[in-house]
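Here is a short tour of one protein model, meant to be read with the structure open beside you. Take your time with each stop and turn the view as you go.

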Amino acid sequence: MFDFLNQNKKPNLDASRLLAAILVVYPSVQAVSYDPKDGMLELSFALRGAFTKEMFDGFLNYVAESVEAYHSIEGLGDATIELNVEGIYDTCFINVRRDIVTMTCGELNLLTELAFNYFGEQLIEEIAEGANDEEYILEQIDYLEQMLSNIRQIRIENRLVGVRERERVIVYNN
């Protein structure tokens, strides 16, 4: 009857850690979620300022072509990617949905670089304390690669959402 009364659902720790690691390594990703129904990981980038439809269409084409080229080079032929834009006043969100099975750290790097290259200072980044420590970031990237590998081998039953809250990262079941 009331799902919140079911306390037996526990989050998958590897999946939770994956979402948290993405938020730690990539300060331009404001939120990340995983939907087990379709096996899709969604990354949300926040932008400040007003944008035209042409700007977003240009960015979406830029990402689609770049990711297609990356997939071709890496041999990821059947990867699924979806892009959409949501706008509220002077803040917009670009959402990139990818199937988790073929997602790689290289592609995460590519997506964040594309967003920064295209939008520059308009891309909102929340750099946490310690994020400038190169050794720490390299450890997090290695950890992220391990989590991406692990996530392909396990079943995740709950929808997970990770968000930034000031200098913290929070991941919860949804």
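Glu82 has a relative accessibility of 39%, which puts this residue in the partly exposed class. The model you are looking at is predicted, and Glu82 is a good place to start reading its charged contacts. Its partner is Arg97: the two form a salt bridge in which the closest N and O atoms are 3.0 Å apart. Arg97 belongs to strand 4 and Glu82 to strand 3 (residues 81–88), so the pair ties together parts that are 15 residues apart in sequence.

Is Arg97 itself buried or exposed? Its relative accessible area is 15%, and because buried means under 20%, Arg97 counts as buried. The pair also has company, since a network of salt bridges links Asp38, Glu42, Glu82 and Arg97.

**Other salt bridges**

How many salt bridges does a search of the whole structure find? The search finds seven. Three of the pairs are set out here, with the N to O distance for each.

| Pair | N to O distance |
|---|---|
| Lys53 and Asp57 | 2.9 Å |
| Arg97 and Glu82 | 3.0 Å |
| Arg168 and Glu165 | 3.1 Å |

Lys53 and Asp57 sit in helix 2, four residues apart, or about one turn of the helix. Lys53 has a relative accessibility of 58% and counts as exposed, while Asp57, with a relative accessible area of 32%, is partly exposed. For the pair formed by Arg168 and Glu165, the accessibility values can be read in the same way. Arg168 is exposed at 52% relative accessibility, because the exposed class begins over 50%. Glu165 is partly exposed at 36%.

**The overall layout**

With those contacts in mind, step back to the whole chain. The secondary structure comes to four helices and six strands. Following the sequence, you meet them in the pattern α-β-β-α-β-β-α-α-β-β. The protein has 174 residues, and buried residues make up 42% of them.

**The nonpolar core**

Which residues touch the most other members of the largest nonpolar core? They are Leu18 and Ile22, in a core of 41 residues. At least two residues of this core come from each of helix 1 (13–25), strand 1 (29–35), strand 2 (40–48), helix 2 (53–74), strand 4 (91–99), helix 3 and helix 4. Helix 1 gives the most to the core, with seven residues.

**Two positions in helix 2**

Helix 2 is worth another look, this time through a pair of polar residues. Ser66 has its place in helix 2 and is buried, with a relative accessible area of 18%. The C-alpha atom of Ser66 is separated by 8.8 Å from that of Leu111, although the two residues are 45 residues apart along the chain.

Asn61 also lies in helix 2. With a relative accessible area of 48%, Asn61 is partly exposed. Between the C-alpha atoms of Asn61 and Leu83 the separation is 9.7 Å, and these residues are 22 residues apart along the chain.

**The loop between helix 3 and helix 4**

Now move to the loop that runs between helix 3 (105–119) and helix 4 (134–151), where you will find Asp133. Glu121 lies in the loop between helix 3 and helix 4 as well. Is Glu121 buried or exposed? Glu121 is exposed, with a relative accessible area of 67%. Its C-alpha atom is separated by 8.6 Å from that of Arg48, and the two residues are 73 residues apart along the chain.

Asp133 has a relative accessibility of 40% and counts as partly exposed. Asp133 is one of the residues that form a negative surface patch, together with Glu134, Glu135, Glu139, Asp142 and Glu145. To see the patch in your viewer, select those residues and colour them by charge.

**Looking back**

Two views are handy to keep from this tour. One is the salt-bridge network of Asp38, Glu42, Glu82 and Arg97. The other is the core of 41 residues, in which Leu18 and Ile22 touch the most other members.

Technical notes. Residues are numbered from 1 along each chain as its sequence is written. This is a predicted model: local features need pLDDT of at least 70, side-chain atom pairs count only at pLDDT 80 or more; totals for chains, interfaces and linings use all residues. Side-chain values use heavy atoms; hydrogens and water are left out. Patches are made of residues with over 30% relative accessible area and no salt bridge: like charges are joined within 9 Å, nonpolar side chains (Val, Leu, Ile, Met, Phe, Trp, Tyr) within 5 Å. Accessible areas come from the Shrake-Rupley method with a 1.4 Å probe; for residues, only the protein chains shown count as cover. A salt bridge is a side-chain nitrogen of Lys or Arg within 4 Å of a carboxyl oxygen of Asp or Glu. Lys and Arg count as positive and Asp and Glu as negative; His and the chain ends are not counted. The place of a charge is taken as NZ of Lys, CZ of Arg, CG of Asp or CD of Glu. Buried means under 20% relative accessible area, exposed over 50%, partly exposed in between (1.4 Å probe, protein chains only). A nonpolar core is a set of buried Ala, Val, Leu, Ile, Met, Phe, Trp, Tyr and Cys residues joined through side-chain atoms within 4.5 Å.
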